[in-house]
Amino acid sequence: MSGYFVAVKTWMLRESSDSATALARILADARVWKLKTAAVSSSPVWSTGRPALDARLPGGGWPTATLVEVLLETPGLGELQLFLPALIDCQQRADAPSWIVWIAPPHEPYAPALAQQGIELARLLVVRPASAAEALWAAEQALSSGVCAAVLLWLQGSDDRWLRRLKLAAEEGGALCVLFRPERHRFESSPARLRLALTKGEHETQLDLVKVQGGRPGPVECRVSG
Amino acid sequence: MKSVARRTAAAQSATADLFADRARTGVGPCASSGTQAAAVRRTRLWYAAVFPELPEAQAAAMLRRLCLSAQRFTSLVSIEMPNALLLDIKASVKLFGSLETLHADIDAAWRRLALPAYTATAPTTLGALWLARAGKHVRIEDTGSLAGALAELPITCTAWHPDHLQTLRSMGVIRIGDLLRLPRAGLARRLGPAAVLDLDIALARQDAPRRAFVPRERFRERCDFETEIETVVYLQKAIEPLIEHCAQFLRERQAGVQALQLRLRHRVMVETRVCVGLASITGERRRLADVLDEKLHRLELPAPVRGMELRSGALQPLSACSLDAFAGLRGTGRDTVDQLIERLRARLGEAAVYGVICIAEHRPEAAWQRVHELRSGEVGSAWGEDRAPRPVWLLAEPVMLAGAEPYELRQGGLILEEGPERIESGWWDGKGVTRDYYVARQIRGAKWWVFQERQTKSWYLHGVFA
């Protein structure tokens with residue numbers, strides 16, 4: 001990314017001494033992709049409850065109507081703590097779909113803990129499919145049904161075609177769609193608009209933004225687990 | 001039009017008739033108490049039929065079938081277990097000409113079924129029943145002559161408890177007339193208030209509403225194919241009209257179903273049955289079609305299908321919200337949660353889709369439960385916010401950790417951060433726990449919920465604060 005900027009800069013200096021007009025000319029060029037405007041999207045965002053992380057995400061929170069991918073070194077690194085504030089927020093909206101669907105979670109979601117955090121259990125659905133294909137199908141159904149505020153999906157494998165279908169279904173339904181995958185998929189391509197990795201840090205869980213459309217990737221300094 | 005005509009007719013007749021007319025045309029088959037009931041009591045006329053040879057094992061089913069055939073004489077047919085029917089025929093007398101004709105017509109109906117029956121007509125339910133049980137083939141129209149007719153009957157026709165009948169016999173009471181001569185208070189003391197109430201009902205001193213028999217309807221339609229169908233796709237096409245008919249059937253009755261069954265018939269093999277459950281009561285064509293489609297989609301036909309039959313489960317009244325015409329317009333989605341759950345269940349199985357609720361219980365593993373009845377608005381028992389933190393993931397079984405002392409845990413990279421929280425409960429059901437729970441942190445990363453079994457001093461991992 002930075003290399004790209006350098007190239008623009010040197011070209012700018014060589015072409016014209018008047019930098020202001022040069023910049024305007026460059027921005028007017030259709031081939032130049034503008035970072036900030038690309039990020040603005042009409043769908044709402046949900047705060048992560050962590051100002052440091054919100055600041056790094058385009059729009060200031062978790063994007064909806066797209067795919068968010070979380071890559072985990074091991075489960076239990078505070079990945080749910082990142083999303084719980086958003087889940088609670090989206091359940092409290094009166095005028096919108098408010099169901100939360102968890103598909104193929106690695107363990108049993110513990111009801112007292114969720115109630116303690118403020119999740120409304122009456123509108124939480126747990127789905128346990130027998131295979132990854134069925135999990136993806138269930139996620140697609142839940143997303144495109146339009147009754148879900150958030151769909152959380154845990155997967156082991158990778159299938160680029162399915163991820164694209166998932167993204168399309170999320171765009172259709174307008175829900176927050178979070179996909180949890182093992183960290184080994186970090187260097188594979190993914191259609192997700194936002195990818196983050198959680199790894200064991202020196203003292204605490206380390207949060208890395210792997211891919212942010214309309215934002216700057218890199219590590220984020222924030223406390224992941226509560 | 002009908003109701004207007006009825007109302008005019010009622011306005012012309014006397015007040016008592018007006019009440020009777022209303023009671024007859026009214027929705028509720030049971031006469032309510034009060035003035036209306038008093039008026040009704042005078043106007044009812046009960047026909048009782050006792051079938052002495054009804055096989056005991058199928059009595060209930062057979063009586064239901066007899067009710068269906070009796071319903072062409074009157075709308076109020078009531079079952080008296082174990083072997084009798086009661087028909088309120090007052091309203092039908094005019095239609096059939098006279099009471100004699102009507103009575104004979106109904107008797108002929110049993111004869112046609114080759115079913116021996118003792119029948120009688122009286123102004124009260126028990127009066128008619130007792131007369132019929134005694135084998136008196138009589139028609140009594142007014143309460144005045146009822147007491148006289150009942151007095152002659154033997155006490156066995158009351159079908160009271162044999163012990164009570166024995167008591168009465170030892171007192172020298174053989175006929176109802178003897179019974180009526182006894183003082184009420186003494187009778188109530190010896191036989192209980194129920195017997196006195198029975199006598200009052202039989203003599204029209206007390207009103208006794210009856211529950212009318214309402215036939216249980218189900219949708220059932222068969223369809224035979226000209227050629228055998230071998231693929232599910234054609235089957236899905238062929239089932240569409242059946243679903244359409246089913247939805248129409250339900251719409252006409254303002255009812256819904258929660259279960260459907262599809263039976264596929266083969267040439268040699270036993271029929272294949274596809275059972276479908278719905279998350280909520282519905283009569284919508286689209287939802288029924290969706291769920292059946294999903295089921296059929298995954299069906300592997302064992303043999304070509306020659307015909308099929310669609311059966312509905314028991315019909316249930318639709319709730320007001322399921323009839324909401326604007327339900328689909330609200331929100332952005334096209335489906336409801338029920339539809340989503342049904343579709344998921346149709347493919348993944350009933351048990352694979354569930355909700356969770358809290359249970360007021362100290363033992364962590366017993367403090368939650370899966371629920372398969374999902375209904376928004378249903379709130380499980382509240383979990384106090386002031387309780388110690390609980391992990392989002394609970395392991396199905398606690399995992400034993402190496403070491404018995406906290407320092408040994410530290411060597412394993414685990415630091416106890418919060419605790420202990422002592423949980424000691426469940427001694428009463430054999431699954432007692434005595435544990436000290438701690439929030440522990442792995443040296444680089446995950447936050448765990450661990451406990452030490454107090455007796456064995458061994459450590460377990462029970463949950464993960466994800």
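How many bridges pair β12(B) with β16(B), and in which sense do the two strands run? Hold that thought: it comes back in Exercise 1. Everything here is worked out on a predicted model.

**Exercise 1. Trace the sheet that contains β12(B) and β16(B), and find its edges.**

Solution.
- Step 1: start with the pair from the opening. β12(B) and β16(B) are joined by 5 bridges, and the sense is antiparallel.
- Step 2: pick out a facing pair of residues. Look at B:L394 and you'll find B:G463 of β16(B) opposite.
- Step 3: widen the view. The open sheet has 6 strands, in the order β5(A)-β12(B)-β16(B)-β15(B)-β14(B)-β13(B), with antiparallel pairing.
- Step 4: go to the edges. These are β5 (108–109) of chain A and β13 (414–425) of chain B; each has a single partner strand, so one side of each has no neighbour in the sheet.

**Exercise 2. Describe the side of chain B that touches chain A: how many residues, which elements, and what classes?**

Solution.
- Step 1: count the residues. Chain B brings 44 residues to the contact, and chain A brings 42.
- Step 2: list the elements of chain B that give two or more residues to that side. They are α15 (337–348), β10 (353–358), β12 (393–401) and β16 (459–465).
- Step 3: find the top contributor. That's β10(B), which gives the most, with 6 residues.
- Step 4: sort chain B's side by class. You get 25 nonpolar, 10 polar and 9 charged residues.
- Step 5: see what β10(B) pairs with. Strand β6 (residues 124–127) of chain A runs antiparallel to β10(B), and 2 bridges join them. In one such bridge, A:V126 has B:Y354 as its partner.

**Exercise 3. Are the two faces of β4(A) covered or open, and which strands pair with β4(A)?**

Solution.
- Step 1: check burial along the strand. β4 of chain A covers residues 99–103, and 5 of its 5 residues are buried.
- Step 2: recall a rule for strands. In a regular strand, side chains alternate between the two faces of the sheet.
- Step 3: split the residues by face. A:W99, A:V101 and A:I103 sit on one side, A:I100 and A:W102 on the other, and all of them are buried, leaving both faces covered.
- Step 4: take one partner. β7(A), residues 148–154, runs parallel to β4(A) and is joined to it by 5 bridges. Here A:I103 is bridged to A:L153.
- Step 5: take another partner. β6(A) pairs with β4(A) over 4 bridges, in the parallel sense. Opposite A:I100 you'll spot A:L124 of β6(A).

**Exercise 4. Work out how α11(B) and α12(B) are oriented, then do the same for α13(B) and α14(B).**

Solution.
- Step 1: take α11 (residues 184–191) and α12 (residues 193–202) of chain B. Their axes come within 6 Å and cross at roughly 130 degrees. That angle is why α11(B) counts as oblique to α12(B).
- Step 2: look at who meets whom. From α11(B) come B:R184, B:L187, B:A188 and B:L191, and they meet B:P193, B:A195 and B:V196 of α12(B). The classes in this contact are 6 nonpolar, no polar and 1 charged.
- Step 3: move to α13 (residues 232–252) and α14 (residues 285–297) of chain B. These pack at about 155 degrees, with axes 10 Å apart. An angle over 145 counts as roughly antiparallel, so that's the verdict for α13(B) and α14(B).
- Step 4: add the handedness. The crossing of α13(B) and α14(B) is right-handed.
- Step 5: inspect the contact. Among the residues that meet are B:L235 and B:I239 from α13(B), and B:L288 and B:L292 from α14(B). By class, this contact has 10 nonpolar, 2 polar and 3 charged residues.

**Exercise 5. Is B:L68 buried or exposed?**

Solution.
- Step 1: locate the residue. B:L68 belongs to helix α4 (residues 59–70) of chain B.
- Step 2: count its neighbours. B:L68 has 12 C-beta neighbours inside 10 Å, so this leucine counts as exposed.
- Step 3: compare sequence with space. B:L68 and B:F213 are 145 residues apart in sequence, yet their C-alpha atoms are 8.6 Å apart.

Technical notes: Residues numbered from 1 in each chain as written. Chains lettered and ligands numbered in written order. Predicted model: local features only at pLDDT ≥ 70, side-chain atom pairs only at ≥ 80, totals over all residues. Contact = placed C-beta atoms within 7 Å. Nonpolar A, V, L, I, M, F, W, Y, C, P; charged D, E, K, R; others polar. Pairing = 2+ DSSP bridges. Buried ≥ 20, exposed ≤ 12 C-beta atoms within 10 Å, placed from the backbone. Axes fitted to C-alpha atoms, helices over the stretch in contact; angles between N-to-C directions. Parallel < 35°, antiparallel > 145°, perpendicular 65-115°, else oblique. Left-handed = near helix turned anticlockwise from the far one by under 90°.
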